[in-house]
Amino acid sequence: MNKNIVLVAGAIILGVLFFLSLSKKNTPEPAVDSVIEEKQVETEEEYTMEYTDEGFSPNELVMPAGTTLTFINNSSLQMWVAGGTHPAHDGDFDALKGYAPGETYTYTFTEPGTYDIHNHLSANHFATLIVE
Ligand SMILES: [Cu+2]
């Protein structure tokens, strides 16, 4: 008889603890984080383009004139971003050197237009940037 009471009480306590742990997990922390991230993007107007061994991501990006684009080299090789055609780089934008894996290159695009971007060291990797 007493054993049954202890078992029932134990089950109730476990149930309450389980419910409390569930309700803690249901607090809207991820939603708050994503709202903060969106606000940061809006206010700081930071644009990034990731470079991996597969190429640029996003492959096409639209951003307003006067904003800075950060190229992040997450590939295993050097990244030399340049505009225009390869190898002439007749665009006005050229990193002028390779950036090692883990490094970033930033450039502020002030002139509206469509920029054909490529990695000068892997010229089959392209991206299109539209500055409005
Ligand atoms: Cu090139």
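Let me start with Glu46, which stands opposite Thr68 in strand 4. Strands here, like helices, are DSSP runs numbered from the N terminus, with at least two residues of E for a strand and at least four of H or I for a helix. What we have is a predicted model, in which local features need pLDDT of at least 70, side-chain atom pairs count only at pLDDT 80 or more, and totals for chains, interfaces and linings use all residues. Residues are numbered from 1 along each chain as its sequence is written.

Back to the strands. Strand 1 covers residues 46-52 and strand 4 covers residues 67-73; they run parallel and are joined by 6 bridges. For two strands to count as paired, DSSP has to find at least two bridges between them.

On to strand 2, residues 55-57, which pairs with strand 1 in the antiparallel sense over 3 bridges. Within that pairing, Tyr51 stands opposite Phe56, and Thr52 stands opposite Gly55. Strands 1 and 2 form a hairpin, with 2 residues between them.

These strands belong to an open sheet of 4 strands, with the order 2-1-4-6 and mixed pairing. Its edges are strand 2 and strand 6, residues 104-109, each of which pairs on one side only. From one strand to the next, the twist averages 25 degrees. That angle is taken between axes, which are lines fitted to C-alpha atoms, for helices over the stretch in contact; it runs from 0 to 180 degrees between N-to-C directions.

There is another open sheet of 4 strands, also with mixed pairing, in the order 3-8-7-5. Strand 3, residues 60-63, and strand 5 are the edge strands here, each pairing on one side only. The twist in this sheet averages 30 degrees from one strand to the next. Strand 3 pairs with strand 8 in the parallel sense, over 4 bridges. One position to look at is Met63, whose bridge partner in strand 8 is Val131.

Next to that in sequence, Ile130 also has its place in strand 8. Is Ile130 buried or exposed? Neither: Ile130 counts as partly exposed, because 13 other C-beta atoms lie within 10 Å. The cut-offs are 20 or more such atoms for buried, 12 or fewer for exposed, and partly exposed in between, with C-beta atoms placed from the backbone. Leaving out residues up to four places away in sequence, Ile130 touches Val62 and Thr114. Touching means contact, that is, C-beta atoms placed from the backbone and lying within 7 Å. Tyr115 is 15 residues from Ile130 in sequence, and their C-alpha atoms are 6.2 Å apart.

Now the interior. The largest nonpolar core has 15 residues, and Phe71, Met79, Val81 and Ile117 have the most contacts inside it. A nonpolar core is a set of buried Ala, Val, Leu, Ile, Met, Phe, Trp, Tyr and Cys residues joined through C-beta atoms within 7 Å. At least two residues of this core come from each of strand 1, strand 4, strand 5 (81-83), strand 7 (113-119) and strand 8 (122-131). With residues up to four places away again left out, Val81 touches Phe71, Ala95, Tyr105, Ile117 and Asn119.

Last, the whole chain. It has 2 helices and 8 strands, in the sequence pattern α-α-β-β-β-β-β-β-β-β. Of its 132 residues, 16% count as buried. Among contacts with a separation of 6 or more, 50% are between residues 24 or more positions apart.

Key
Contact = placed C-beta atoms within 7 Å.
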